[in-house]
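Let's take a walk through this structure together, one piece at a time. Have your viewer open and follow along as the chains come up.

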Amino acid sequence: MKTIRVGAGLGFYGDSWQPVRASIERGGVQYIASDHLSELTLAILQKDRQKDPSAGYARDGVPMLAELWPLAAKHGVKFVLNAGGLNPHGAREAIARTFRAKGFKAKIATVTGDSLLERIDELRGAGEALAHMDTGADIGGVRERMLFANAYLGAQPIAEALAQGADIVLTGRVADAALTLGPLAHEFGWKWDDWDRMAAGLTLGHLLECSGQGSGGNFGSSGEWAKVPDYAHLGYPIAEVSEDGSAMFTKPPGTGGLVSFDTIRQQLLYEVHNPHAYYSPDVVLDMGTLKFEDQGNDRVRITGASGAARPKTLKVVAGYQDGWMGTGMIGFAWPEAYAKCEKSAQIIATLVKERGWAVEDSNVEYIGYNSLLGANADPAYRDQLNECFLRMTIRTRDRKVADAFGRLFPWLGLSGPPYVGSMKGIQPAKELLGIWPTLVSRELVEKNIKIEVENI
Amino acid sequence: MKTALWKIAHARSGDKADRADIGLFAFDAPTYQVLKREVTKERLAAHFAGFNTGPVELWPLDNILALKIVLNGALQGGAARSLRMDNLGKNVAAQLLRMEIETPEDLPRLKGK
């Protein structure tokens with residue numbers, strides 16, 4: 001019986017590709033599905049593109065392929081990756097340059113058509129409201145500040161690119177799980193309205209899209225995380241899939257990490273809203289019928305996916321300029337570490353007020369006390385801290401104010417409370433982006449999808 | 001008896017725009033029944049008061065002994081505009097595990113401790 005093995009590539013822009021080597025060498029995979037994008041990543045790539053129009057793609061796709069392609073070609077492994085980001089053609093050029101320099105050969109397909117920034121007025125003219133899908137707000141309020149707008153494409157263009165013989169499929173914004181569903185639909189010839197098989201592929205793609213989070217990484221727990229073996233050599237997950245969509249979820253032999261009922265179900269619900277209607281471009285998945293059977297030895301059998309018809313709209317993620325963040329930080333040692341941070345926050349607040357700066361919002365956090373746990377930090381420890389760092393941030397429309405804010409802090413070193421540390425330079429203003437999730441009729445996007453295949 | 005969730009469950013959280021979402025998982029079936037009864041939208045709203053500005057949504061998943069929790073309005077407008085250290089809401093799950101609920105004393109994870 002034919003099975004197809006898809007291995008996880010990266011789970012975010014900046015992730016390590018070293019574990020992918022084990023999946024190719026001894027994981028028996030035919031495909032690597034590599035996810036370089038998140039909502040935040042598009043904001044980062046947009047800043048790159050503003051500085052350099054030839055940038056705007058996830059740069060780590062280039063060294064990853066440069067290092068892994070000889071091994072992948074030897075084992076007949078194909079790559080599907082969304083490292084194209086906001087500029088898939090730029091990514092293709094960078095990869096092609098590297099491949100030519102190294103003498104590598106590959107058939108690279110580029111999938112485009114997801115970018116809608118240049119089409120916003122056209123789409124609104126065609127009757128698309130593009131209102132904020134959570135708040136219902138009108139897009140007019142942020143239209144002029146919009147910096148990117150990309151629809152989440154589905155798996156069909158990926159499967160089409162593979163049918164044209166591509167070894168590497170390079171996309172922009174596609175649904176993360178489409179990187180896995182595309183190869184499965186292509187290999188098994190799944191019909192695009194076979195909703196249960198689509199749902200199975202979506203489930204597996206979702207479990208693979210965060211790399212190590214699907215094999216024991218970031219196992220959110222008290223104590224249990226410490227039982228995960230050999231983090232240093234954590235293997236990325238692999239789905240071994242049958243034609244009916246059932247699968248064995250596992251990882252390469254001889255690697256660290258843990259594939260179990262507990263680690264897999266954490267990833268299943270990760271960044272999911274309604275689990276009974278998990279929307280993707282290709283199908284709407286009900287997670288309530290899935291069955292996970294933990295067979296031990298890092299093997300979990302997954303069956304029972306059920307799907308409903310794909311939506312008539314595609315989700316769009318757009319970003320708009322939303323002010324500047326100023327940041328300042330200073331650390332204090334015992335005695336009264338927390339009290340000195342608190343006093344410093346009061347001093348800085350006084351200075352900001354006296355300067356009359358237009359500040360829209362501000363945040364005060366105490367690193368070592370509540371910067372991660374917020375209001376659920378336990379105050380019982382507050383006054384006994386060995387050391388504590390104050391971190392203050394402001395949001396302002398004025399970049400100069402954001403820059404000046406950070407410069408208030410060093411002065412505290414000689415003129416504030418005693419026993420300071422962390423004077424490691426001044427943080428410059430950081431541009432903030434608001435995210436605008438919205439919906440668009442799929443046919444208006446899909447008519448513009450282009451698949452270009454090129455021999456390198 | 002009062003029991004903190006971290007003793008009987010595990011959890012992971014993530015972000016989508018201004019929404020923080022949490023998966024809360026019982027280690028065993030008896031604990032799942034207790035979570036379903038005790039971890040209510042009202043309790044969650046109170047636990048995250050001052051952090052989450054929007055409504056709380058909650059779905060039980062009997063097949064994986066889990067509760068899916070969504071806090072609509074917990075991330076200062078979203079990761080790319082948040083002023084927080086934890087702009088991605090990765091620690092919202094840790095915040096949840098500090099919540100205390102009423103439990104029987106004989107839950108599997110509480111025995112022999």
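**A tour from the small sheet outwards**

In chain B, B:Asp15 stands opposite B:Ala20 in β3(B). Keep in mind as you look that this is a predicted model. The residue pair is a good place to start, and the strands around it come next. β2(B) and strand β3 (residues 19–26) of chain B run antiparallel and are joined by eight bridges. As general background, strands of a sheet pair through backbone hydrogen bonds, either parallel or antiparallel.

Now widen the view to the rest of this sheet. It is an open sheet of four strands in chain B, ordered β2-β3-β5-β4, with antiparallel pairing. Each of β2 (9–16) and β4 (56–61) of chain B has a single partner strand, so these two stand at the edges and one side of each is left without a neighbour in the sheet. On average, and with direction ignored, neighbouring strands here are turned by 15 degrees against each other.

Two helices lie across this sheet, and they come from two chains. Helix α1 (residues 29–38) of chain B lies across β2, β3, β4 and β5 of chain B, at about 140 degrees to β3(B). Helix α9 (residues 261–268) of chain A lies across β2, β3 and β5 (66–72) of chain B, and its angle to β3(B) is about 155 degrees.

That second helix leads us to the contact between the chains. How many residues does the contact take from each chain? Chain B provides 36 residues and chain A provides 48 residues. On the side of chain B that touches chain A, β2, β3, β4, β5 and α3 (92–97) of chain B each supply at least two residues. β2(B) gives the most to that side, with six residues. By class, the residues of this side of chain B are 17 nonpolar, nine polar and 10 charged.

Let's cross over to chain A and its own sheet. This one is open and has 10 strands, in the order β11-β12-β8-β7-β1-β2-β3-β6-β4-β19 (chain A), with mixed pairing. β11 (291–296) and β19 (450–455) of chain A are the edge strands, each pairing on one side only. From one strand to the next, the twist averages 20 degrees. Helix α9(A), already met on the sheet of chain B, packs on this sheet as well, where it touches β8, β11 and β12 of chain A and makes about 150 degrees with the direction of β11(A). Within the sheet, strand β8 (residues 247–250) of chain A pairs with strand β12 (residues 299–303) of chain A in the antiparallel sense, over three bridges. There, A:Phe249 stands opposite A:Val300 in β12(A).

Next, consider how chain A is divided. Domain 1 covers 3–114 + 152–311, and domain 2 covers 319–436. The C-alpha centres of these two domains of chain A lie 38 Å apart. Their contact takes five residues from domain 1 of chain A and four residues from domain 2 of chain A. On the domain 1 side of that contact in chain A there are two nonpolar, one polar and two charged residues.

What about the interior? The largest nonpolar core has 149 residues, and those touching the most other members are A:Val6, A:Ile158, A:Val169, A:Ala178, A:Ala239, B:Leu24 and B:Leu96. Helix α8 (residues 195–208) of chain A gives the most to this core, with eight residues. Domain 1 (3–114 + 152–311) and domain 2 (319–436) of chain A both give residues to this core, so it lies between them. Setting aside residues up to four places away in sequence, A:Ile158 touches A:Val80, A:Val111, A:Val169, A:Thr171, A:Val174, A:Ala178 and A:Gly182. A second, separate core of 13 residues includes A:Tyr338, A:Cys341, A:Cys388 and A:Met392.

Two last stops round off the tour. A:Leu351 is in helix α10 (residues 337–355) of chain A, and it counts as partly exposed because it has 15 C-beta neighbours inside 10 Å. A:Lys430 is in strand β18 (residues 430–441) of chain A. With 16 C-beta neighbours inside 10 Å, A:Lys430 counts as partly exposed. Not counting residues up to four places away in sequence, A:Lys430 touches A:Trp324, A:Met325 and A:Thr327.

Technical notes. Residues numbered from 1 in each chain as written. Chains lettered and ligands numbered in written order. Predicted model: local features only at pLDDT ≥ 70, side-chain atom pairs only at ≥ 80, totals over all residues. Domains from an automatic or database assignment. Contact = placed C-beta atoms within 7 Å. Nonpolar A, V, L, I, M, F, W, Y, C, P; charged D, E, K, R; others polar. Core = buried A, V, L, I, M, F, W, Y, C linked by C-beta atoms within 7 Å. Buried ≥ 20, exposed ≤ 12 C-beta atoms within 10 Å, placed from the backbone. Pairing = 2+ DSSP bridges. Axes fitted to C-alpha atoms, helices over the stretch in contact; angles between N-to-C directions.
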